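Me: I would like to learn how to read a model of a chain with its ligands, feature by feature. Could you take me through one, giving the general idea and then the case at hand?

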Amino acid sequence: MKHVGILGGTFDPPHIGHLIVAEEVRAELELDEVWLMPSQEPPHKHTAAADADDRVNMVSSAINANPSFSVETIELDRSGKSYTYDTIKLLTDKHPEVRFYFVIGADMVEYLPHWKHIDELMDMVRFVGVKRNGFELETTYPIIEVDIPLIDISSTDIKNRLASGRSIKYLVPAGVETYIKENHLYEER
Ligand SMILES: Nc1ncnc2c1ncn2[C@@H]1O[C@H](COP(=O)(O)OP(=O)(O)OP(=O)(O)O)[C@@H](O)[C@H]1O
Ligand SMILES: O=C(O)c1ccc[n+]([C@@H]2O[C@H](COP(=O)([O-])O)[C@@H](O)[C@H]2O)c1
């Protein structure tokens, strides 16, 4: 059986926090692969500023040096909010040989009680939680906790920096920074 982590997200834009989370979980749980999975529409927050193609291109650029990482675009095949319950059903049907681990930051751990069909989803996939500044990792749900360095970086912060002309160097991979500049993304807030 193959063990695969999924880091679902808006990736608007991807940043080094995403990469460190993915790599720490891969190493700690000895996963074969981690798939970064951009959502069509995030279930609980406003629509992404960048369109799906740009977010996929940025994620592809961010992971290009890591053979254990890939981009999973299954959520872009359907419109509307990207509920994880619907996605995991599709992925487990498509890949019966894979055991999936759904990786989330502590902000999403706090939000777990509001996820669609969360009790059924808990039986379908193992959840892995990592700490995040300002949020509690504590939950009554049976998640696997992986200890990572606290990384105080968010896509919101990156967008705020860009809109006010501040540097994002080293907060995102160099290729993502170049992509954002060349495509004039996030110039207004
Ligand atoms: N710095 C971080 N530390 C831990 N987890 C993170 C970090 N950044 C993102 N994540 C987790 O990665 C997943 C995808 O995050 P997402 O693409 O929405 O980026 P974000 O930085 O959380 O965006 P936003 O600023 O809109 O909250 C979520 O589960 C989130 O909790
Ligand atoms: O299915 C849900 O109800 C649900 C609610 C909140 C978040 N999620 C998923 O959690 C992942 C991280 O969400 P976000 O908003 O931080 O990008 C992403 O894959 C979302 O689809 C899923």
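What follows is a conversation about the fold, the ligand shells, a helix pair and some single residues.

Me: What kind of model is this, and how are its parts numbered?

Reply: This is a predicted model, in which local features need pLDDT of at least 70 and side-chain atom pairs count only at pLDDT 80 or more, while totals for chains, interfaces and linings use all residues. Residues are numbered from 1 along each chain as its sequence is written, and chains are lettered from A and ligands numbered from 1 in the order in which they are written.

Me: How many helices and strands are there in the chain, and how do the elements run from the N terminus?

Reply: Helices (H or I, at least four residues) and strands (E, at least two) are DSSP runs, numbered from the N terminus. The chain has seven helices and six strands, and their order from the N terminus on is β-α-β-α-β-α-β-α-α-β-β-α-α.

Me: What radius of gyration would a compact globule with 189 residues have, and what does the chain have?

Reply: The radius of gyration is taken over C-alpha atoms, and the globule rule is 2.2 Å times the number of residues to the power 0.38. For 189 residues that rule gives a value near 16 Å, and the chain agrees, with 16 Å. Along the principal axes, the C-alpha atoms fill a box of roughly 45 × 35 × 30 Å. A residue is buried if 20 or more other C-beta atoms, placed from the backbone, lie within 10 Å of its own, exposed if 12 or fewer do, and partly exposed in between; of the 189 residues, 37% count as buried. Two residues are in contact if their C-beta atoms, placed from the backbone, lie within 7 Å, and among contacts between residues at least 6 apart in sequence, 71% join residues at least 24 apart.

Me: Which residues come nearest to ligand 1, and which elements supply its shell?

Reply: A residue is near a molecule if its C-beta atom, placed from the backbone, lies within 6 Å of it. There are 18 residues around ligand 1, of which Gly9, Gly17, Gly105, Ser154 and Thr156 come nearest. At least two residues of the shell come from each of β1 (2–9), α1 (16–29), β4 (98–105), α4 (106–111) and α6 (155–163), and α1 gives the largest share, three residues. For the classes, Ala, Val, Leu, Ile, Met, Phe, Trp, Tyr, Cys and Pro count as nonpolar, Asp, Glu, Lys and Arg as charged, and the others, Gly among them, as polar; this shell then divides into eight nonpolar, eight polar and two charged residues.

Me: How many residues surround ligand 2, and which are the closest?

Reply: Ligand 2 is surrounded by 17 residues, the closest being Gly8, Thr10, Pro42, Thr84 and Trp115. β1, α3 (84–94) and α4 each supply at least two residues of this shell, whose classes are eight nonpolar, seven polar and two charged.

Me: How is a pair of packed helices described?

Reply: Two packed helices are described by the angle between their axes and the distance between the axes. The axes are lines fitted to C-alpha atoms, for helices over the stretch in contact, and angles run from 0 to 180 degrees between N-to-C directions. Here α2 (residues 52–63) and α7 (residues 174–182) pack at about 150°, with axes 8 Å apart. That makes the two helices roughly antiparallel, a term for angles over 145 degrees. Asn57, Met58, Ser61 and Ala62 in α2 meet Gly175, Val176 and Tyr179 in α7, and the residues of this contact divide into four nonpolar, three polar and no charged.

Me: Which signs of phi and which peptide bonds are found in most cases?

Reply: Most residues other than glycine have a negative phi, and most peptide bonds are trans. In the loop between β1 and α1, phenylalanine 11 has a positive phi of about 50°, and this residue is buried, with 25 other C-beta atoms within 10 Å. Proline 13 has its place in the loop between β1 and α1 too, and the peptide bond from aspartate 12 to proline 13 is cis, with omega near 0°. Histidine 117, in the loop between α4 and α5 (118–124), has a positive phi near 45° and counts as partly exposed, with 15 C-beta neighbours inside 10 Å.

Definitions and conventions. Parallel < 35°, antiparallel > 145°, perpendicular 65-115°, else oblique.
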